[in-house]
Amino acid sequence: MNSDLSSQQVKDIGEQGLLEKLQRFCPPEIIGDDAAVLETAPGQSLVVTTDVLVDGVHFSNLTTSPEDAGWRAAAANLSDLAAMGASPLGITVGLGLPGELRVSWVERLYQGMTECLQKYNNTPIVGGDVVRSPVTTLAITAFGQVNPSQIIRRSTAVVGDAIVVTGVHGASRAGLELLLHPELGQNLNKEEKTALIRAHQRPQPRLDVLPILWKILTSNSQFSIAGMDSSDGLADAIIQICHASGVGAVLEHRQIPIPKTFNHWLTPDQALKYALYGGEDFELVLCLPQELASALVQHLGEVAAIAGRITAGSTVILHDEQKKFPDQVLNLSQGFQHFGQ
């Protein structure tokens, strides 16, 4: 890259100059008007989600390259679509940028977004907005479509449902800790550290689970499935589902999917806290009848587990069948709170 261009700042080219550079990341036949028009298939519902990321809160140059920040931003929105059962159609991007920010940083941000979007349904960037801001801010609105009969909601869990969790939990938080404190994890080898750091920098939204889920449910359409993603932590997801559905839950301690490498450098209490409250794992938490849950886990293999069950009442309890740990009531106070003290 030419050194003169790499040092070019946003204020040097202005809004229109920056938009001209960014428009090449978008399909030319869609952009250019005041809004994008997205055609959905007959019998499909449009799903829309928005996520805002702020420098120093959601990403930092200490832990995240511009490409990784872009990937994470796109992945967060695609994960929200997956949590609704929807497949992506496109995204719009809103940028709040300091004038002194280098243009190359913004282009690299878009490169990371594009890398993620191309992997998942080749999802296009169909527009957006750019404004001046003292803090770099990224706001993405994602659009998806879903068959109305396949919409996943938080409010439809019923007593007796099994709780299926995809992937492992706590890996993103562990990767962040390793980035912030390189001296940690002395018992981990290079590959193990890299895997945890990548879980933080390049999370994978679980759109891949949906086709398998619908295949299993094809002959079982007389019930609804509840769920959401675990971007704010596993405990948060289960509590939110239970609150919306008016039910409780029991989460089995030894069934919580935790990275095996945690045993090499974290205490059991630390590993549990990372898994329950670490957040940003972008996995799915789904509640469905036991028989279908078992079939889904069998199809997904090691990337899914039945971690608990839905119960009557309103309390979410962490239980240990081996009685090594006392039962505890899970709550939201230990997770990340944007405006917490």
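Which residues of strand β6 point one way, and which the other way? A226 and M228 take one side, G227 and D229 take the other, and all of them are buried. That little strand, residues 226–229, is a handy place to start walking through this model, which is a predicted one.

Let's stay with β6 for a moment. Its partner is β8, and the two pair in the antiparallel sense over four bridges. If you want a spot to put your finger on, G227 stands opposite L286 in β8. Zoom out and you'll see that β6 belongs to an open sheet of seven strands, in the order β6-β8-β5-β9-β7-β10-β11, with mixed pairing. The edges of this sheet are β6 and β11 (328–329), each of which pairs on one side only. Further into the order there's another antiparallel pair: β7 (residues 248–252) and β9 (residues 304–311), joined by four bridges. Here A249 stands opposite I310 in β9.

Now step back along the chain from β8, into the loop that runs between α9 and β8. F282 lies in this loop, and its backbone is worth a look, since its phi is near 55°, a positive value in a residue other than glycine. Most residues other than glycine have a negative phi. F282 has a relative accessible area of 5%, so it counts as buried. N122 also has a positive phi without being a glycine, near 50° in this case. You'll find N122 in the loop between α4 and β3 (125–132). Is N122 buried or exposed? It is exposed, because its relative accessibility is 54%, over the 50% cut-off.

Back in the α9–β8 loop, the next stop is E283. R206 forms a salt bridge with E283, the closest N and O atoms being 3.0 Å apart. This pair links distant parts of the chain: R206 sits in the loop between α6 and α7, E283 in the loop between α9 (268–277) and β8 (284–288), and 77 residues separate them. Both partners are buried.

E283 turns up again when you look at the pockets. The second largest pocket has a volume of about 500 Å³. Of the 19 residues lining that pocket, the closest to its centre are G167, V168, A171, A199 and E283. Which element gives the most to this lining? That would be α6, with four residues. By class, the lining comes out as eight nonpolar, three polar and eight charged residues.

The R206–E283 bridge has company, as a search of the whole structure finds ten salt bridges. Take D68 and R202, whose side chains meet at 2.6 Å, N to O. They also tie together distant stretches, with D68 in helix α3 (residues 66–83) and R202 in the loop between α6 (190–201) and α7 (209–217), 134 residues apart. D68 counts as buried because its relative accessibility is 8%, and R202 is buried too, with a relative accessible area of 12%. Nor is this an isolated pair: D68, E115 and R202 are linked in a network of salt bridges.

One more bridge brings us to helix α4. The side chains of R24 and E107 meet in a salt bridge of 2.7 Å, N to O. R24 belongs to the loop between α2 (10–22) and β1 (45–54), while E107 is in helix α4 (residues 103–119), 83 residues apart. How do the two ends sit, buried or exposed? R24 is exposed, because its relative accessibility is 55%, whereas E107 has a relative accessible area of 12% and is therefore buried.

Finally, look at V106, which also lies in helix α4. With 0% relative accessibility, V106 counts as buried. What does V106 touch, leaving out residues up to four places away in sequence? The answer is V10, L18, L22, L95, L97 and L101. For a sense of scale, compare V106 with L178: these residues are 72 apart along the chain, and their C-alpha atoms are separated by 26 Å.

Methods: Residues numbered from 1 in each chain as written. Predicted model: local features only at pLDDT ≥ 70, side-chain atom pairs only at ≥ 80, totals over all residues. Heavy atoms only, no water. Salt bridge = Lys/Arg side-chain N within 4 Å of Asp/Glu carboxyl O. Buried < 20%, exposed > 50% of the residue type's maximum accessible area, 1.4 Å probe, protein only. Contact = heavy atoms within 4.5 Å. Pairing = 2+ DSSP bridges. 1 Å grid on protein atoms, 1.4 Å probe; cavity = no way out; pocket = protein on both sides within 12 Å on 5 of 7 lines; lining within 4 Å. Points joined across faces, edges and corners; volume = space filled by probe spheres on them. Nonpolar A, V, L, I, M, F, W, Y, C, P; charged D, E, K, R; others polar.
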